[in-house]
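Here's a quick tour of one protein model, written for someone who'd rather be at the bench. Take a look at the sequence and the fold before reading on.

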Amino acid sequence: MMFKGTPTYPPERYEATLRSAGASQNAYTDDDLTAYHTTFTREDLEPILAMEAARFAHLDYTEDAFRTEASAVLAEYNKDSAEPFRLLDEKLRAAAFPAHPYGHTTMGFLSDIEQMSGRYDYSRHFHHLYYRPGNTTIILAGDITPADARRLVGQYWSSWQPGPPIPAVPPSPDATGPNEVHIAWPAPTLPLLQLAWRAPAYSDNTPDSAALDLISYLYFSSASSLYAGLVLEDQLCDIFGGMYADHIDPFLYTITARIKDPQRIPQVRDRILTTVQHLCAHPIDPARLDLVRSHLRYSFTMRMDHAEGVASLLARYVALRRTPSTIERLYEQYAMLTPDHIQSVARSVFREHNLTTALLEGPR
């Protein structure tokens, strides 16, 4: 609905302004943020900023337009539901977070989406509540000076008023696992196995996040020995990887495997758990740790070789801490990590009561 215009910039004028600027524009929503991004030339900064300020502060759309978009979301859900990974993610989250919003995917449950067309009034309330200055960060990356950026933002955004207090997200209860979720897929498909441990929230002042990032690369990435064994040598899986995704609240450390033969599911699961037990029991070689640290820093730098890459990375971290300085602090944590740090974090995360296992299978 944010693309449907305002009294000052109705949809036709909004689209015409973007076309005349040759701008590309889109948006996405994740667990902890919604990001609107536009790429354009420096000369078009002022009209783009003016237009963006209008739609954040004065968005306007009809109930008919809302119903049309609600139907489009339902169609998108139905399309995505044909993908096994989507259903696996939905069921895993619901099991791992029975009393926290992370249990709800960003797309939403089908029952919510089917009712959405009748929630026009609530949609306006939602925009009124959350689309406010105290909940928003403007990121400008490109050929512009900070002084010019602040002047233009002040000119077009300063009249935007604070809103009511945003409700606090209730803390998630401690994990009470281990839990298991079995999902029946109606058509033939390769089994999907996910092992997900409750993990700490993103932190730039403790070693937790940095250690889990390094664990992902060392033990569960395409550069790991477990990947080589499961995918390349024994060819038990055609997809495999482990991931810690930074979140504001405690989330999950998830290892995913797509297994070629249903009979090998126990074997794959056991090899994953054996690797987890090994990393908890044996410190990593310091020389290898240094190599991975260097690789992660280099990879991060390479993603910032153009303005869109800079803005995209900043958006992710600013959503977590509301300041780009968190990136510096995180990389300080990387630099200070020791093998003992990594082992200690692994032991605190990879516990049986933290584990939720999800298995999706087709008919045998």
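What follows is a short walk through some helix contacts, a few individual side chains and the cysteines.

Keep in mind that this is a predicted model. A search of the whole structure turns up zero disulfides, and two helix crossings get a closer look below: helix 10 with helix 14, and helix 12 with helix 13.

**Helix 10 against helix 14**

- Helix 10 covers residues 265–281 and helix 14 covers residues 339–349; their axes come within 7 Å and cross at roughly 135°.
- That angle makes helix 10 oblique to helix 14.
- On the helix 10 side, the contact is made by Leu279, Cys280 and Ala281, and they meet Gln343, Ala346 and Arg347 of helix 14.
- Sorted by class, the residues of this contact are four nonpolar, one polar and one charged.

**Helix 12 against helix 13**

- The axes of helix 12 (residues 307–321) and helix 13 (residues 325–336) come within 8 Å, crossing at roughly 90°.
- So helix 12 sits roughly perpendicular to helix 13.
- Leu314, Tyr317 and Arg321 of helix 12 make the contact with Thr326, Ile327 and Leu330 of helix 13.
- This contact has four nonpolar residues, one polar and one charged.
- In the loop between helix 12 and helix 13 you'll find Arg322, which has a positive phi near 65° despite being a residue other than glycine.
- Arg322 is partly exposed, at 44% relative accessible area.

**Helix 9 and what comes after it**

- Helix 9 (residues 225–233) has a run of buried residues: Leu226, Tyr227, Ala228, Gly229, Leu230 and Val231.
- Those buried residues pack against helix 8 (208–220), strand 5 (237–244) and helix 10.
- Gln235 follows helix 9 and sits in the loop that leads to strand 5.
- Gln235 is another residue other than glycine with a positive phi, this one near 55°.
- With a relative accessible area of 46%, Gln235 is partly exposed.

**Helix 6**

- Tyr120, Ser123, His127 and Leu129 are buried in helix 6 (residues 120–130).
- Their packing partners are helix 2 (45–58) and helix 3 (63–80).

**A buried arginine and a loop serine**

- Is Arg293, in helix 11 (residues 286–302), buried or exposed? Arg293 counts as buried, because its relative accessibility is 18% and the cut-off is under 20%.
- A polar atom of the Arg293 side chain lies 2.7 Å from the backbone oxygen of Leu337.
- Setting aside neighbours within four places in sequence, Arg293 is in contact with Leu214, Tyr334, Ala335, Met336 and Leu337.
- Ser172 lies in the loop between helix 7 (146–157) and strand 3 (179–184).
- The Ser172 side chain makes a polar contact with the side chain of Arg198, at 3.4 Å.
- Apart from neighbours within four places in sequence, Ser172 is in contact with Phe97, His100 and Arg198.

**Cysteines**

- How many disulfides does a search of the whole structure find? The count is zero.
- Cys237 is buried, with a relative accessible area of 1%.
- Cys280 is buried too, at 13%, and Cys280 is one of the helix 10 residues in the contact with helix 14.

Notes:
Residues are numbered from 1 along each chain as its sequence is written. This is a predicted model: local features need pLDDT of at least 70, side-chain atom pairs count only at pLDDT 80 or more; totals for chains, interfaces and linings use all residues. Side-chain values use heavy atoms; hydrogens and water are left out. Axes are lines fitted to C-alpha atoms, for helices over the stretch in contact, and angles run from 0 to 180 degrees between N-to-C directions. Helices (H or I, at least four residues) and strands (E, at least two) are DSSP runs, numbered from the N terminus. Angles under 35 degrees count as roughly parallel, over 145 as roughly antiparallel, 65 to 115 as roughly perpendicular and the rest as oblique. Contact means heavy atoms within 4.5 Å. Ala, Val, Leu, Ile, Met, Phe, Trp, Tyr, Cys and Pro count as nonpolar, Asp, Glu, Lys and Arg as charged, and the others, Gly among them, as polar. A disulfide is a pair of cysteine sulfur atoms within 2.5 Å. Buried means under 20% relative accessible area, exposed over 50%, partly exposed in between (1.4 Å probe, protein chains only). A polar contact is a pair of N or O atoms within 3.5 Å; within protein, one must be able to donate a hydrogen and the other to accept it, and residues adjacent in sequence count only if both atoms are side-chain atoms.
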